[in-house]
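I opened a fresh notebook page for this chain. My plan is to start with one pairing and work outwards.

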Amino acid sequence: MAYQTLYRELAIIGRGNFGKTYSGAAMLVEHLRERTKYVAKKIILAGLSEKEVEGAHQEAQLLSMLSHPNIVKYKESFCQEGLLIIIMEYCEVGDLAFHVQQKKKKGEYFTETEIMNWFVQMCLALKHIHVAGILHRDIKSSNVYLTGNNTIKLGDFGISKILQGSEAAMTVVGTPYYMSPEVCENKPYSYKSDAWSLGCVLYELCTLKHAFTADNLLGLVFKIVTDKADPIPSIYSKELSDLVQ
């Protein structure tokens, strides 16, 4: 059954590039029969190579394979009129990047309890995908979503990679602030690279800023490879500080 007959589009909630290659929009939609809100991620397939089209479809395939309380739920997908449309769970409270900015504006910090609650849930999501042999490769605060009952949902598997056995990935992908040293140095990388990115998200929740910043990409790469992040605020316990380090 066609997308238009099942869903009503309510608003655009995101626009731009998904990963390196794909462009499109994320729409808030309502299922006409269920009266439930979902997110429809629309990816424009026109002009993509066969390999790129395959890569776009991979996100739908991966989401449909994953069933975990801390991972965005897949509903269904459609391929029509040069578009791939992936229907997934709507996380109504927004992403962690939004909440970091809100705290920054108010001049407040998250409590250690909040941070640890979210961090444990992110760890559970990460463990689940790693056990399934999936490397996320783009863990960042804007890809971690919150629901009304304070449940964390990891999303956006657009540039994820399935690893076979002890295989390592080689392609440089991901968001620069969260890239691991081995990715920066163009070395083979594996699951520990996702763990580094998770550490960067944890640091951001504690400090409301990125662990490493610079005016340009080269400077940022140099800092990630050689530098140490500033300590987190002293309002947090030594245990949390040690965990971040």
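Which residue in β5 is the bridge partner of serine 77? I looked it up: isoleucine 86. I note here that the model is predicted.

**Entry: strands around β5**

I followed that pairing along both strands. β4 covers residues 74–80 and pairs with β5 over six bridges, in the antiparallel sense. Two residues lie between the strands of this hairpin. I checked the backbone there and found that glutamate 81 has a positive phi near 50°.

Next I looked for another neighbour of β5. Strand β3, residues 37–44, is joined to β5 by seven bridges, and the two run antiparallel. Here isoleucine 43 stands opposite leucine 84.

I then asked about burial. β5 spans residues 83–89, and six of its seven residues are buried, so the strand is largely enclosed by the rest of the structure.

**Entry: helix α6**

I moved to α6, residues 191–207. The helix has 17 residues. From first C-alpha to last I read 25 Å, close to the 24 Å expected at 1.5 Å a residue.

Why call α6 largely enclosed by the rest of the structure? Because twelve of its 17 residues are buried. I listed some of them: Leu198, Val201, Leu202 and Leu205 are among the buried residues, and so are the polar or charged entries Ser193, Asp194 and Glu204.

What covers them? The cover includes α3 (96–106), α4 (112–131) and α8 (238–244). It also includes β6 (134–135) and α5 (181–184). Just after the helix I found leucine 208 with a positive phi, near 65°.

**Entry: nonpolar cores**

I looked up the largest nonpolar core and got 55 residues. Those with the most contacts inside this core include Leu96, Phe110, Trp118, Met122, Phe157 and Leu205. Leu205 is also one of the buried residues of α6.

I took phenylalanine 157 as a probe. Leaving out residues up to four places away in sequence, Phe157 touches Leu62, Leu63, Leu66, Ile71 and Ile129, along with Glu59 and His136.

Apart from the largest core lies another, of eleven residues. Tyr3, Leu6, Ile85 and Ile87 are among them. In soluble globular proteins, nonpolar side chains tend to be buried together.

**Entry: whole chain**

I closed with totals. The chain has eight helices and nine strands. Of its 245 residues, 46% count as buried. Among contacts with a separation of 6 or more, 61% come from residues 24 or more positions apart. The accessible surface is about 12,600 Å², with 54% belonging to carbon and sulfur atoms.

Key. Residues numbered from 1 in each chain as written. Predicted model: local features only at pLDDT ≥ 70, side-chain atom pairs only at ≥ 80, totals over all residues. Heavy atoms only, no water. Helix = DSSP H or I, 4+ residues; strand = E, 2+ residues; numbered from the N terminus. Buried < 20%, exposed > 50% of the residue type's maximum accessible area, 1.4 Å probe, protein only. Contact = heavy atoms within 4.5 Å. Areas by Shrake-Rupley, 256 points an atom, 1.4 Å probe, with all protein chains shown as cover. Expected span 1.5 Å × (residues − 1). Pairing = 2+ DSSP bridges. Core = buried A, V, L, I, M, F, W, Y, C linked by side-chain atoms within 4.5 Å.
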